[in-house]
Amino acid sequence: MKERIWKPNVTVAAVVERDGRFLLVEEETDEGLRLNQPAGHLEEGETLVDAAVRETMEETAWGFAPEYLVGIYQWTRPQGDITYLRFAFGGRLGGEEAGRALDQGIVRALWMTADEVRASTARHRSPLILQCVEDWIAGRRFPLALLSAS
């Protein structure tokens, strides 16, 4: 029997602030309804930036134009079974596709203040949600040129 090779799950997330509120999604998980940034897995053949654009549209029906890398985060679930490597992007929203169906499991998109995000940590899908918001507030914005796709 061949031993399974460990590898992290590569994910992307969008950190979007508008008028002092952050764009989040409420989603169904095995642990119940949880909050997250628009986020998801990198798919074969796409760049990290393209994945962030796609996931934001699929989960919120909003266009997203990444302008910065907010951070790269590593997190292992408390169960110890999955490690995520998250690339979080900051940027601006484009238009909303009114009436667009959201991804399966996504209940709704919502806007929350930083204080509301801090007060809701018990409902966060992971500690990365608040960390990304705090890093954005702290001014962490790195050029997309740090990432190279060939």
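Trainee: Hi! Which residue just after H3 takes a positive phi?

Mentor: Hello! That is Gly-139, with a phi of about 90 degrees. Keep in mind as we go that this is a predicted model.

Trainee: Thanks. And which residues are buried in helix H3?

Mentor: H3 covers residues 128-137, and its buried residues are Leu-128, Ile-129, Cys-132, Val-133, Asp-135 and Trp-136.

Trainee: How are they placed around the axis?

Mentor: They cover an arc of only 165 degrees, so they sit on the same side of H3. The general rule helps here: an α-helix has 3.6 residues a turn, so residues three or four places apart point the same way.

Trainee: Back to phi for a moment. Which residues other than glycine have a positive value?

Mentor: Two to look at are Asp-19, with a phi of about 55 degrees, and Ala-61, with a phi near 70 degrees. For background, most residues other than glycine have a negative phi.

Trainee: Where do Asp-19 and Ala-61 lie?

Mentor: Asp-19 is in the loop between strand E2 (17-18) and E3. Ala-61 is in the loop between H1 and strand E6 (62-76).

Trainee: Is Asp-19 buried or exposed? And Ala-61, buried or exposed?

Mentor: Asp-19 is exposed, since its relative accessible area is 76%, and the cut-off for exposed is over 50%. Ala-61 counts as buried because its relative accessibility is 4%, and buried means under 20%.

Trainee: What does Thr-56 touch, leaving out residues up to four places away in sequence?

Mentor: Ala-61 is one of its partners, and the others are Ala-14, Pro-38, Trp-62 and Phe-64. Thr-56 itself belongs to helix H1, residues 48-60.

Trainee: Is Thr-56 buried or exposed?

Mentor: It counts as buried, at 0% relative accessibility. A polar atom of the Thr-56 side chain also lies 2.8 Å from the backbone oxygen of Ala-52.

Trainee: New topic: where is Gln-37?

Mentor: Gln-37 sits in the loop between E4 and E5. It is buried, with a relative accessible area of 1%.

Trainee: What does its side chain reach?

Mentor: The Gln-37 side chain makes a polar contact of 2.8 Å with the side chain of Arg-86. It also reaches the backbone oxygen of Ile-129 at 3.0 Å.

Trainee: Which residues is Gln-37 in contact with, setting aside neighbours within four places in sequence?

Mentor: Among them are Leu-128, Ile-129, Cys-132 and Val-133, which you met as buried residues of H3. Ala-13, Ala-14, Leu-23, Leu-24, Val-25, Glu-59 and Arg-86 are in contact with Gln-37 too.

Trainee: How about the largest pocket, how much space lies in it?

Mentor: About 600 Å³. The elements giving two or more residues to its lining are E1, E3 (21-29), E4 (32-36), E5 (39-41) and E7 (83-96), which are strands.

Trainee: How many residues line it, and which lie nearest the centre?

Mentor: There are 27 lining residues, and Glu-27, Thr-29, Asn-36, Tyr-84 and Arg-125 lie nearest the centre.

Trainee: How do the lining residues divide into nonpolar, polar and charged?

Mentor: Seven are nonpolar, 10 are polar and 10 are charged.

Trainee: You mentioned E1. Which residues does Val-10 contact, apart from close sequence neighbours?

Mentor: Leaving aside those within four places, Val-10 is in contact with Gly-40, His-41, Leu-42, Leu-48, Leu-85 and Phe-87. Val-10 is in strand E1, residues 9-15, and is partly exposed, with a relative accessible area of 26%.

Trainee: How far is Val-10 from Leu-42?

Mentor: Their C-alpha atoms are separated by 5.8 Å, although the two are 32 residues apart along the chain. For Leu-93 and His-124, 31 residues apart in sequence, the C-alpha atoms are 23 Å apart.

Trainee: Where is Leu-93, then?

Mentor: Leu-93 is in strand E7. Its contacts beyond four places in sequence are Val-16, Arg-18, Leu-23, Trp-62, Gly-63 and Trp-111.

Trainee: One last residue: where does Arg-123 lie, and what is it in contact with?

Mentor: Arg-123 lies in the loop between helix H2 (114-119) and H3. Not counting neighbours within four places, it is in contact with Glu-26, Leu-33, Arg-34 and Leu-35. Arg-123 is partly exposed, with a relative accessible area of 31%.

Conventions
Residues numbered from 1 in each chain as written. Predicted model: local features only at pLDDT ≥ 70, side-chain atom pairs only at ≥ 80, totals over all residues. Heavy atoms only, no water. Helix = DSSP H or I, 4+ residues; strand = E, 2+ residues; numbered from the N terminus. Buried < 20%, exposed > 50% of the residue type's maximum accessible area, 1.4 Å probe, protein only. Contact = heavy atoms within 4.5 Å. Arc of directions from axis to C-beta. 1 Å grid on protein atoms, 1.4 Å probe; cavity = no way out; pocket = protein on both sides within 12 Å on 5 of 7 lines; lining within 4 Å. Points joined across faces, edges and corners; volume = space filled by probe spheres on them. Nonpolar A, V, L, I, M, F, W, Y, C, P; charged D, E, K, R; others polar. Polar contact = N/O pair within 3.5 Å; in protein donor to acceptor, adjacent residues only side chain to side chain.
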